[in-house]
Amino acid sequence: HCQLRAYREKRDLLMIGLGLSFLIQIMAVIINTLTAQALGLSISFAELLLSIPLVNLIVLLPVSVGGFGVREGVYFYLLGFFGVAAGDAVLLSLTVYFVLALVSAVGAAVSQLWVPKNVKEKPCAS
């Protein structure tokens, strides 16, 4: 709770956070676009721009482990509106997921090796 108070007291932090969230969504669309191109799929940036933010929102629903099945279903459903074949939509979904999981695993390993272990979190002032 006390960490959230910083956003109420400093509105510029909230705007920076929202801006970074927007940037993350754009980067997700770019990653999906580049992955689709690498797989030889004919899915445009605009189609993914309309689909990926909604996919990311729906995957947050706590109905599956890690979003598996839900993510693929949403890719299939939304990209189907643009004429993307079901197999291509699922292939893109799984490929992007595994690429991001691999990158995250590398980041986790790096953080475990180089982050100081004796750093303590400061207590929250009331």
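# Reading a five-helix model

Me: How much of the 126-residue protein chain counts as buried?

Reply: Buried means under 20% relative accessible area, exposed means over 50%, and partly exposed lies in between (1.4 Å probe, protein chains only). By that cut-off, 22% of the 126 residues of the protein chain count as buried. Keep in mind that this is a predicted model, where local features need pLDDT of at least 70, side-chain atom pairs count only at pLDDT 80 or more, and totals for chains, interfaces and linings use all residues. Residues are numbered from 1 along each chain as its sequence is written, and side-chain values use heavy atoms, with hydrogens and water left out.

Me: How many helices and strands are there?

Reply: Helices (H or I, at least four residues) and strands (E, at least two) are DSSP runs, numbered from the N terminus. Here you get five helices and zero strands, so the order from the N terminus is simply α-α-α-α-α.

Me: What span would I expect for α2 and α5, and what do they reach?

Reply: The expected span of a helix is 1.5 Å times one less than its number of residues. With 28 residues, α2 reaches 41 Å from first C-alpha to last, close to the expected 40 Å. For α5, 29 residues reach 42 Å, close to the expected 42 Å. Just after α2, G40 takes a positive phi of about 75 degrees.

Me: Which residues of these two helices are buried, and what covers them?

Reply: An α-helix has 3.6 residues a turn, so residues three or four places apart point the same way. In α5, the buried ones are A89, L92, S93 and V96, and their cover includes α2, α3 and α4. In α2, A28, V29, N32, T33, T35 and A36 are buried, with α3, α4 and α5 among what covers them.

Me: S93 is a serine in α5; what does it touch?

Reply: Contact means heavy atoms within 4.5 Å. Not counting residues up to four places away in sequence, S93 touches R71, E72 and Y75. A polar contact is a pair of N or O atoms within 3.5 Å; within protein, one must be able to donate a hydrogen and the other to accept it, and residues adjacent in sequence count only if both atoms are side-chain atoms. The S93 side chain makes one with the side chain of E72, at 3.0 Å. S93 counts as buried because its relative accessible area is 0%.

Me: And S51, buried or exposed?

Reply: S51, in helix α3, is buried, because its relative accessibility is 2%. Its side chain reaches the backbone oxygen of E47 at 2.9 Å. Leaving aside neighbours within four places in sequence, S51 is in contact with L78, L79 and F82.

Me: Where is the largest pocket lined from?

Reply: On a 1 Å grid over the protein atoms alone, a pocket is an open set of points where a 1.4 Å probe fits, with protein on both sides within 12 Å along at least five of seven lines; lining residues have an atom within 4 Å of a point. A volume is the space filled by probe spheres set on the points. The largest pocket comes to about 340 Å³. Of its 18 lining residues, N56, R71, V96, Y97 and L100 are closest to the centre. Two or more lining residues come from each of α2, α3, α4 and α5, with the largest share, six residues, from α5.
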